[in-house]
Amino acid sequence: SLTWYLAEGATHSGFNLFYLLQNPNPEPAFVDVRYLRPSGDPLVKTYILAPDSRTNIWVNQEGDPLGAAEVSAVITSTNGVPVIVERAMYRPVGAQIFGAGHESAGVEAPAEHWYFAEGATGPYFDLFFLVANPNAQASLLEARFLKPDGSVVTKTYTIDPNSRFNVWVDFEGAELADTAVATTFRVTNGVNVVI
């Protein structure tokens, strides 16, 4: 794709954030990474991907203010050469540098609806949803938290333009503090997001 979206990203609290970009084409790709932060204007950096190559962007090493931040990203090939984008995050565990980690492919477009079957809060788990709004307008978002007993907890959020937003479900009310939960999100004003 020419554009990829990544909602999750953190470079604080021991997290190491990597954007993994593949250019499978015989010509270079000129790529802009637009870093969306919880507040402030997006930060844009430009990279050149060599032909037939893989490029790692270690976001922690990209300088201030990205060295200890929460970010979402919009990655765009500006010269019409399609690329592939994934995101990896690692955290040390004891003496093991990359003892814990997870990886995800980017998505090709924001959407009106997002669905998550997995989720749990309580003494053993913390549940976060990371929301990226890559648009110039605020997004109005409705979350429906579906509990095992069939009850539904509904919350609404306003996601600022060009920003990244966290929903820490454990702290969204007593009814969500210690439970298994599935979650659906719906944009209510037509300004689609990535979650």
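These legends walk through a few views of a predicted protein model.

**View 1. The whole chain is built from strands.** Count the elements and you get 14 strands and zero helices. Reading along the sequence, then, you just meet β after β. The C-alpha trace spans about 55 × 45 × 30 Å along its principal axes. How does the radius of gyration fit with a compact globule? For 195 residues such a globule would have a value near 16 Å, and the protein has 18 Å, which agrees.

**View 2. Here's the largest nonpolar core.** This core holds 25 residues, and Phe129, Leu141, Phe145, Val169, Phe185, Val193 and Ile195 have the most contacts inside it. Elements giving two or more residues to it are β10 (128-133), β11 (139-146), β12 (152-159) and β14 (182-187). β10 chips in the largest share, with four residues. In soluble globular proteins, nonpolar side chains tend to be buried together.

**View 3. Zoom in on Val169.** Which residues does Val169 touch, leaving out those up to four places away in sequence? They are Thr121, Leu127, Phe129, Phe145 and Leu176.

**View 4. Now for another core.** Apart from the largest core lies another one, of 23 residues. Leu17, Leu21, Leu49 and Val59 are among its members.

**View 5. Burial, contacts and surface.** Of the 195 residues, 43% are buried. Among contacts with a separation of 6 or more, 73% join residues 24 or more positions apart. The accessible surface comes to about 9500 Å², and carbon and sulfur atoms account for 54% of that. As for charges, there are 11 positive and 21 negative ones, and their mean positions are 3 Å apart.

Note on methods: Residues are numbered from 1 along each chain as its sequence is written. This is a predicted model: local features need pLDDT of at least 70, side-chain atom pairs count only at pLDDT 80 or more; totals for chains, interfaces and linings use all residues. Side-chain values use heavy atoms; hydrogens and water are left out. The radius of gyration is taken over C-alpha atoms; the globule rule is 2.2 Å times the number of residues to the power 0.38. Buried means under 20% relative accessible area, exposed over 50%, partly exposed in between (1.4 Å probe, protein chains only). Contact means heavy atoms within 4.5 Å. Accessible areas come from the Shrake-Rupley method with a 1.4 Å probe; for residues, only the protein chains shown count as cover. Lys and Arg count as positive and Asp and Glu as negative; His and the chain ends are not counted. The place of a charge is taken as NZ of Lys, CZ of Arg, CG of Asp or CD of Glu. A nonpolar core is a set of buried Ala, Val, Leu, Ile, Met, Phe, Trp, Tyr and Cys residues joined through side-chain atoms within 4.5 Å.
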